[in-house]
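Where is there empty space in this protein, and what fills it? Here is a short tour of the cavity, the ligand and the pocket, written with the bench in mind.

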Amino acid sequence: MNLIQRPRRLRNSESLRKMVRETRMDPASLIYPAFVAEGLTQKQEIPSMPGQYRHTTDSLLHLAEELLKAGVDKMMLFGIPSCKDELGSQAYAQNGVVQQAMRALKQRLPQLYLIGDVCMCEYTSHGHCGILKGQQVDNDATLAYLAQIAVSQVQAGADMVAPSDMMDGRVAAIRSALDAHGYADTPILSYAVKYASSFYGPFRQAADSAPAFGDRRGYQMDYHNAREGVKEALLDIEEGADIVMVKPAMAYGDVIARVKQAVNVPVAAYSVSGEYSMVKAAAMAGDIDESGIVCEMAAAAFRAGSDIYLSYFAKELAGYMQEGRIG
Ligand code: PBG
C-alpha cells in the first residue's frame, strides 16, 4: 500500500518510543502526603487506604528515610490531634502534633523538603475548614488563624506551606504573616483550584475530619466549573502564591491544562485519597494491574500540564521512573 504517513514507524522499538516521548517525569517532582497522629504508640493502618498509615513521629521518621532512599525527598504533612475544639487550637499550638513531627524530621533528616498542609478541618470539633459563625464558616475571621498555623509550621521547620482551606484572601494573609516573622523566602503552594469532591472520602476517614454538619460546597469549588479554576489560580498568584495546585487530579486533566495555559508559575496536581483507594481496591480484587494504572494516572497528570505531582504512590512512582518504565 502506498501510505506516506505511517505513525507506527515511531512506535517500533522501546528506544525509539522513548526518544519521541512528549512527557518527561522525574522523581524530583513528586511529593508524598503523610499523616501524623497524636497519642499513638505505633503506626496504624488506615482502613480505607491500605498501605497508608496514621504515623507516630518515630514511624514517620522511618517512612521519610525510606522515601529518601527511594528518591522522593518531599513530604506534605497532615496532623491528627487527639483533642479537637471549636477554634482548632491544636493546629497552631507550638507543640501541636504536626509541629513536633516537623521538628523531629528536620533535625534528623535536614535533606527532606517539608511542606505543611495549612487547614483547620483536622483540628476543629465541627470538621469545617475555618472558624464558624452560626452554621457558616466566617471567611475573614479565619484568615488570622490560617496565618498563625502557617507561621507555627515554618517555625517548627516547614520549608513550604500549602493552604488547603479555600478561604478568600488567605494567600495574602499568610504571605504577610510569614514576611512579618522573617520568612520572606518561604514559598506558598496554594491549593488554589480545589473542588468539593467525593474523592476526599478516605482522607476524611484517615484524619477524622468529615464535617459534623453540612458539607464544604460553600468554600470548595463546584466541579462543573473550569473557568472559575483559572480565576482562583490567577487570584492566588496575585496574592503571592508561588505554586498553584489543582485537586483532585485524575478526573480534572482539563482543569490542569487550562490552569497551566493561564499561569506563569509551576502547577501541581494532587492525586487524592479516593484515587488511591479506588486503585488499591480494584487491584486487591485482581481486576486491574496496579502499577500499570499508577503509571498511567501520573503520566496523564504531567501530560495535562502538571509540573508537580502529589501522590500516595509517590514512592512506587519514583521506582517506576528510575526503572525507566515511565518518564
Ligand atoms: C484539608 C485537606 C483535605 C485534603 C487535603 N487537605 C480534605 C478536605 O478538603 O476535605 C484531601 C486529600 C485527600 O483526599 O487525599 N482541607
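Let's begin with the ligand: the space it takes is the largest cavity. Please keep in mind as you read that this is a predicted model.

**The cavity**

A search of the whole structure turns up 1 cavity of 30 Å³ or more. The largest cavity holds about 140 Å³ of space. Its lining is made up of 19 residues, and the closest to the centre are Cys-121, Lys-194, Tyr-200, Phe-203 and Lys-247. If you would like to find this site along the chain, look to strand 9 (189-194) and helix 6 (201-207), the elements that give two or more residues to the lining of the largest cavity. Sorted by class, that lining has 9 nonpolar, 4 polar and 6 charged residues.

**The ligand and its neighbours**

Now look at the shell around the ligand. There are 19 residues around the ligand, and those that come nearest are Lys-194, Arg-204, Lys-247, Ser-273 and Tyr-312. By class, this shell has 10 nonpolar, 3 polar and 6 charged residues.

Which side chains place an N or O atom 2.6 Å from an oxygen atom of the ligand? Lys-194 does so, and Ser-273 does too. Arg-204 also takes part, with a polar side-chain atom 2.7 Å from an oxygen atom of the ligand. The table puts these polar contacts side by side.

| Residue | Distance from a polar side-chain atom to a ligand oxygen |
|---|---|
| Lys-194 | 2.6 Å |
| Arg-204 | 2.7 Å |
| Ser-273 | 2.6 Å |

How much of the ligand does the protein bury? Taken alone, the ligand exposes 400 Å², and the protein buries 100% of that. The shell around the ligand draws two or more residues from each of strand 9 and helix 6.

**The largest pocket**

There is also a pocket to visit. The largest pocket holds about 330 Å³ of space. Of the 14 residues that line this pocket, Arg-21, Glu-22, Thr-23, Ala-299 and Arg-303 are the closest to its centre. Which element gives the largest share of the lining of the largest pocket? That is helix 10 (residues 290-304), which supplies 5 residues. By class, the lining of the largest pocket has 5 nonpolar, 3 polar and 6 charged residues.

**To take away**

When you turn back to the structure, Lys-194 is a handy place to start: this residue is among the closest to the centre of the largest cavity, and also among those that come nearest to the ligand.

Notes
Residues numbered from 1 in each chain as written. Predicted model: local features only at pLDDT ≥ 70, side-chain atom pairs only at ≥ 80, totals over all residues. Heavy atoms only, no water. 1 Å grid on protein atoms, 1.4 Å probe; cavity = no way out; pocket = protein on both sides within 12 Å on 5 of 7 lines; lining within 4 Å. Points joined across faces, edges and corners; volume = space filled by probe spheres on them. Helix = DSSP H or I, 4+ residues; strand = E, 2+ residues; numbered from the N terminus. Nonpolar A, V, L, I, M, F, W, Y, C, P; charged D, E, K, R; others polar. Near = heavy atom within 4 Å. Polar contact = N/O pair within 3.5 Å; in protein donor to acceptor, adjacent residues only side chain to side chain. Areas by Shrake-Rupley, 256 points an atom, 1.4 Å probe, with all protein chains shown as cover. Sits in = over half its atoms within 2 Å of the grid points.
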